[in-house]
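Work through the exercises below with the structure open beside you, and try each task before reading its solution. The model is a predicted one.

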Amino acid sequence: MRIEVSDPHITNEEYTVSSMVAAAKQLLPLEERVPGVRGEAFDLKSWYFSWKQRHNADRAPEPTHVKVEAIDEFQATLPWSQIEQALFLYAQEGKELKKGYPIRLYVPDGSSECLNVKSVVKLWFLHDDKLGEEATYGFKNTVSPDELKFKK
């Protein structure tokens with residue numbers, strides 16, 4: 001399974017878990033930031049800066065937000081200012097994740113447990129101040145009550 005990574009100022013490409021881990025400069029035990037949860041993780045912000053550098057995009061602007069989407073279309077958008085401790089869990093006991101595969105986002109100091117998104121398959125670095133300073137989350141496809149009504 002591949003993870004799509006995109007920044008409009010840099011590029012759009014796909015990664016495997018192993019290629020994302022190989023590109024990470026800061027690997028750490030998840031428990032260092034999320035007490036009681038074991039596993040191997042990499043720091044989100046340092047991964048981004050490493051990715052940006054690999055693409056010779058040092059002059060590209062820093063994102064305002066990070067958006068992740070899970071395989072089930074659950075998504076979360078986090079202001080860049082709120083991801084200092086965010087990281088991706090990629091393995092437990094040296095093996096790929098059984099729950100949350102391919103990678104799982106953890107935001108230990110986030111405003112909601114819903115920001116810990118499992119089964120992340122898309123990662124966007126956004127540049128839009130209008131998105132505000134509040135994290136948002138929910139399912140991508142929403143249906144209003146009116147759309148559920150049977151129409152003759």
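**Exercise 1. Find how strand 4 and strand 7 pair, parallel or antiparallel, and then establish what else strand 4 pairs with.**

Solution. Strand 4 and strand 7 pair in the antiparallel sense, and four bridges hold the pairing. Within it, Asp-43 stands opposite Leu-87 in strand 7. Turning to strand 3, we find that this strand is joined to strand 4 by three bridges, and that the two again run antiparallel. Here Leu-27 stands opposite Phe-42 in strand 4. In general, strands of a sheet pair through backbone hydrogen bonds, either parallel or antiparallel.

**Exercise 2. Asp-43 forms a salt bridge; identify its partner and say where the two residues lie.**

Solution. The partner is Arg-33, whose side chain meets that of Asp-43 with an N to O distance of 2.6 Å. To place the pair, note that Asp-43 belongs to strand 4 (residues 40-43), whereas Arg-33 sits in the loop between strand 3 (27-29) and strand 4, so that the pair, 10 residues apart, links distant parts of the chain. Both Asp-43 and Arg-33 are buried. Asp-43 has a further contact to note: at the start of helix 2, one of its side-chain oxygens reaches to within 3.3 Å of the backbone nitrogen of Lys-45.

**Exercise 3. Determine how many salt bridges the model contains, and describe the one made by Lys-45.**

Solution. The count comes to two salt bridges. In the one made by Lys-45, its side chain meets that of Glu-84 at 2.4 Å, N to O. This pair also links distant parts of the chain, since Lys-45 is in helix 2 (residues 44-54) and Glu-84 is in the loop between strand 6 (74-79) and strand 7 (87-92), 39 residues apart. For the surroundings, compare each accessibility with the cut-offs: buried means under 20% relative accessible area, and partly exposed lies between that and 50%. Lys-45, at 12% relative accessibility, therefore counts as buried. Glu-84, at 44%, therefore counts as partly exposed.

**Exercise 4. Decide whether helix 2 is mostly covered or mostly open, and list its buried residues.**

Solution. Helix 2 is mostly covered, as eight of its 11 residues are buried. These are Leu-44, Lys-45, Ser-46, Trp-47, Tyr-48, Ser-50, Trp-51 and Lys-52. As for what the helix packs on, helix 2 lies across strand 1, strand 2, strand 5 and strand 10, and runs at about 70 degrees to strand 10. The helix is followed by Asn-56, whose phi is positive, near 50 degrees.

**Exercise 5. Work out which residues touch the most other members of the largest nonpolar core, and follow the contacts of Trp-47.**

Solution. The largest nonpolar core has 37 residues, of which Trp-47, Leu-105, Leu-123 and Phe-125 touch the most other members. Strand 1 (3-7), helix 1 (17-23), helix 2, strand 5 (65-70), strand 6, strand 7 and strand 10 (120-126) each supply at least two residues of this core. Leaving out residues up to four places away in sequence, Trp-47 touches Val-5, Tyr-15, Met-20, Ala-23, Ala-24, Phe-42, Arg-54, Leu-123 and Phe-125. A second core, separate from the largest, has eight residues, including Leu-30, Leu-87, Leu-89 and Leu-97.

**Exercise 6. Give the strand order of the six-stranded open sheet, then examine strand 6 and its residue Thr-77.**

Solution. The order is 2-1-10-5-6-11, with mixed pairing. The edges are strand 2 (11-15) and strand 11 (136-139), each of which pairs on one side only, and the twist averages 10 degrees from one strand to the next. Strand 6 and strand 11 run antiparallel and are joined by four bridges, with Tyr-137 in strand 11 as the bridge partner of Ala-76. Thr-77 also lies in strand 6. Its relative accessible area is 12%, so Thr-77 is buried. Apart from neighbours within four places in sequence, Thr-77 is in contact with His-65, Val-66, Lys-67, Leu-126, Leu-131, Glu-134, Ala-135 and Thr-136.

**Exercise 7. Summarise the secondary structure and the burial of the whole protein.**

Solution. The secondary structure comes to three helices and 11 strands, and 46% of the 152 residues count as buried. Among contacts with a separation of 6 or more, 60% are between residues 24 or more positions apart.

Notes: Residues are numbered from 1 along each chain as its sequence is written. This is a predicted model: local features need pLDDT of at least 70, side-chain atom pairs count only at pLDDT 80 or more; totals for chains, interfaces and linings use all residues. Side-chain values use heavy atoms; hydrogens and water are left out. A salt bridge is a side-chain nitrogen of Lys or Arg within 4 Å of a carboxyl oxygen of Asp or Glu. Buried means under 20% relative accessible area, exposed over 50%, partly exposed in between (1.4 Å probe, protein chains only). A nonpolar core is a set of buried Ala, Val, Leu, Ile, Met, Phe, Trp, Tyr and Cys residues joined through side-chain atoms within 4.5 Å. Contact means heavy atoms within 4.5 Å. A polar contact is a pair of N or O atoms within 3.5 Å; within protein, one must be able to donate a hydrogen and the other to accept it, and residues adjacent in sequence count only if both atoms are side-chain atoms. Two strands pair if DSSP finds at least two bridges between them. Axes are lines fitted to C-alpha atoms, for helices over the stretch in contact, and angles run from 0 to 180 degrees between N-to-C directions.
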